[in-house]
Amino acid sequence: MKQFLILGAGTAGTMLVNRLVKKLDKKEWKITVVEKEENHYYQPGFLFVPLGIYKPTDTYKSSRKYIPSGVEFINSEVDNIDPETNKVTLIKDKEVLHYDYLVIATGSTIRPAETEGLLDGGWRRNIFDFYTLEGSIALGKFLETWKGGRLVVNVAEMPIKCPVAPLEFIFMADWFLTKKGIREKVELVYSTPLPGAFTKPKASAVLGNLLEKKNIKVEADFTISSVESSKNIIHSYDGREVPYDLLVSTPVNMGAPVIERSGIGDDLNFVPTDKFTLQSKNWQNIFVLGDATNIPASKAGAVAHFSVGVALENILAHIKGKEMPGKFDGHANCFIETGYHKASLIDFNYDVEPLPGTYPLPVLGPMRLLGESVLNHWGKLGFRYMYWEILMRGWGVPLPEKMSMVGKKLD
Amino acid sequence: MSDVLSSIKFDSEGYMEDASAWNEKVAEAIAIREGLKLTDRYWVVIKYCRDTFTKTGEAPTLRNITKNTDVQTKELYELFPGGPGKLAAKISGLKKPTGCI
């Protein structure tokens, strides 16, 4: 029997195994999935927890539930990957697994310890993240009794998972605090290491006015150097100081510790990956999916979704010794919540920036691109059902994998 | 505009359209336009940016630069006031660092 090993049963790993199991000959291949978490988290839901739109229990289900029958599931962290001998060692029982083909889908997580002072006194007291369920719940509890002050959203460093989430949070906070009746007692500040909240010309032109409209101050080119939690100030490398009463932090994002332990990642533990084929740059029998890669696409479920078909096609061709046909275009799309039951929708790839126009979604659509609409908001909320019942089951979705120019306006 | 830059195409914000048209003379001329005179310390950063771009097709992040050269973040900000990511990319003939929107 040949062994196909998948590390990680998050968005990318789960989608892949559900589609792979239908394609590989069961008499020839054994498929094993290793996942460290008991639960599979619907990570886009974390954004809605602090604002009371989702309950914590809305954001996870059992990891095993989405692993198809006939596939071995091991609940363990991975200790080491050795691509030279095709072996993976698990933490649990120090078990050693051999593989013929390996898929690394070990994701990325926040690393607050990378920023000086971020974990000191204020962490989970008046400093929170919304990239973990615990962080989202703690932030929600804080907001319940908050009387107002200076709310600073900070992005520590790019790349981050779901790059628009910090902006969505501040847009939704404006709405949430207005509803709560304390908006006039709150100053909203968005601090980012990028040259602005919007950096692409078309998105800036269409959405740029939202910041002014919602009275959100932007602190651009702000690379955080440290947090002084005794004084409630964040410092930047160029000597700026931004005071806060509530700091909502997006800490540095890094790939899984096992990538570092195994010495197969870059400076941020992301695995060097061919951006078109999704094959490892160093080993032919290794493919990398989702947030674990270093490809210059957004770290987002949509990218995992649009790339998984390409990767599967390439894996199957490679197994047969054929040329790999799949070429990923960097396609991503996502809803951007803007508050007041509205959202924007963006659709883009490696080469085409988000453009205005319409997105020809079957049944529900067409949806409005870049501009805000109520339908987009319901699309975002309805997506949770689609995630669990369609995407994670490995069923087809009537969305083209490659980005299409249909409906998009260039001028 | 200096002679060195007269044949180079720039976008509306002064970033080079074609990274392959870059050379050291071009870097010096862009730096002058930005009010900077390139010293050895600048060249450590610029060479690293160019090497990374040649290898990966992307500009390095600030973390890449500080991990793989002896130039640390504070010095980067002193060398490139107002934003090392943007200025180092501009002088190295690379695209402006952007987010997805």
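**Reading a predicted two-chain model**

Me: B:Gly14 has a relative accessibility of 13% and counts as buried. In which part of chain B is the place of B:Gly14?

Reply: First, a caution: this is a predicted model. A residue counts as buried under 20% relative accessible area, so B:Gly14, at 13%, falls in that class. The place of B:Gly14 is in the loop between helix H1 (3-6) and helix H2 (24-33) of chain B. B:Gly14 touches B:Arg33 and B:Lys90, neighbours within four places in sequence being left aside. Between the C-alpha atoms of B:Gly14 and B:Ile30 there are 8.7 Å in space, against a sequence separation of 16 residues.

Me: Now for chain A. How many helices and strands are there in chain A?

Reply: Chain A has 24 strands and eight helices. A radius of gyration can then be set beside the value expected for the chain length. For chain A the radius is 21 Å, close to the 22 Å that the globule rule gives for 411 residues, so the chain is as compact as a globular protein of that length. Along the principal axes, the C-alpha atoms fill a box of roughly 65 × 50 × 40 Å.

Me: What percentage of the 411 residues in chain A are buried?

Reply: Buried residues account for 60% of them. The area that chain A exposes is about 16,700 Å², of which carbon and sulfur atoms supply 53%. As for contacts, take those between residues at least 6 apart in sequence: 66% of these join residues at least 24 apart.

Me: How far apart are the mean positions of the positive and negative charges of chain A?

Reply: The two mean positions are 6 Å apart, computed from 48 positive and 48 negative charges.

Me: Which residues touch the most other members of the largest nonpolar core?

Reply: The general idea is that nonpolar side chains in soluble globular proteins tend to be buried together. Here the largest core has 102 residues, and A:Phe4, A:Leu151 and A:Phe169 touch the most other members. Apart from this core lies another, of 29 residues, including B:Ala19, B:Ala27, B:Phe80 and B:Leu94. To return to A:Leu151, its contacts beyond four places in sequence include A:Trp146, A:Phe169, A:Val186, A:Leu246 and A:Val248.

Me: How do I read the packing of a helix? Which elements do the buried residues of H2(A) pack against?

Reply: List the buried residues, then see what they meet. In helix H2 (residues 133-145) of chain A, the buried residues are A:Leu133, A:Gly135, A:Ser136, A:Ala138, A:Leu139, A:Gly140, A:Phe142 and A:Leu143. These pack against helix H3 (165-179) and against strands E3 (39-41), E4 (60-62), E11 (127-128) and E18 (246-250) of chain A.

Me: Take single residues next. Is A:Thr338 buried or exposed?

Reply: A:Thr338 is buried, because its relative accessible area is 1%. Its place is in strand E21 (residues 332-339) of chain A. Beyond four places in sequence, A:Thr338 is in contact with A:Phe171, A:Leu210, A:Lys214, A:Ala343 and A:Glu372. A:His305, in helix H7 (residues 301-319), is also buried, with a value of 12%. Past its neighbours within four places, A:His305 touches A:Met15, A:Leu391, A:Val397 and A:Leu399.

Me: Which class does A:Pro257 fall in, at 32% relative accessibility?

Reply: A value between 20% and 50% means partly exposed, and A:Pro257 counts as such. A:Pro257 is found in helix H6 (residues 257-261) of chain A. Sequence-distant contacts of A:Pro257 are with A:Arg111 and A:Asn269. A:Asn80 is 177 residues from A:Pro257 in sequence, yet their C-alpha atoms are 9.5 Å apart.

Me: Backbone angles last. Which residues does a cis peptide bond join?

Reply: Omega is the angle to check. The bond between A:Met158 and A:Pro159 is cis, with omega about 0°. A:Pro159 lies in the loop between strand E12 (149-155) and H3 of chain A.

Me: And phi? Where in chain A does A:Asn215 lie?

Reply: Look for positive values in residues other than glycine. A:Asn215 has a phi near 55° and lies in the loop between helix H5 (209-213) and strand E14 (216-219). A:Asp221, also not a glycine, has a phi of about 50° and lies in the loop between E14 and strand E15 (224-228). A:Asn215 is exposed at 56% relative accessible area, whereas A:Asp221 is buried at 13%.

Key. Residues are numbered from 1 along each chain as its sequence is written. Chains are lettered from A and ligands numbered from 1 in the order in which they are written. This is a predicted model: local features need pLDDT of at least 70, side-chain atom pairs count only at pLDDT 80 or more; totals for chains, interfaces and linings use all residues. Side-chain values use heavy atoms; hydrogens and water are left out. Helices (H or I, at least four residues) and strands (E, at least two) are DSSP runs, numbered from the N terminus. The radius of gyration is taken over C-alpha atoms; the globule rule is 2.2 Å times the number of residues to the power 0.38. Buried means under 20% relative accessible area, exposed over 50%, partly exposed in between (1.4 Å probe, protein chains only). Contact means heavy atoms within 4.5 Å. Accessible areas come from the Shrake-Rupley method with a 1.4 Å probe; for residues, only the protein chains shown count as cover. Lys and Arg count as positive and Asp and Glu as negative; His and the chain ends are not counted. The place of a charge is taken as NZ of Lys, CZ of Arg, CG of Asp or CD of Glu. A nonpolar core is a set of buried Ala, Val, Leu, Ile, Met, Phe, Trp, Tyr and Cys residues joined through side-chain atoms within 4.5 Å.
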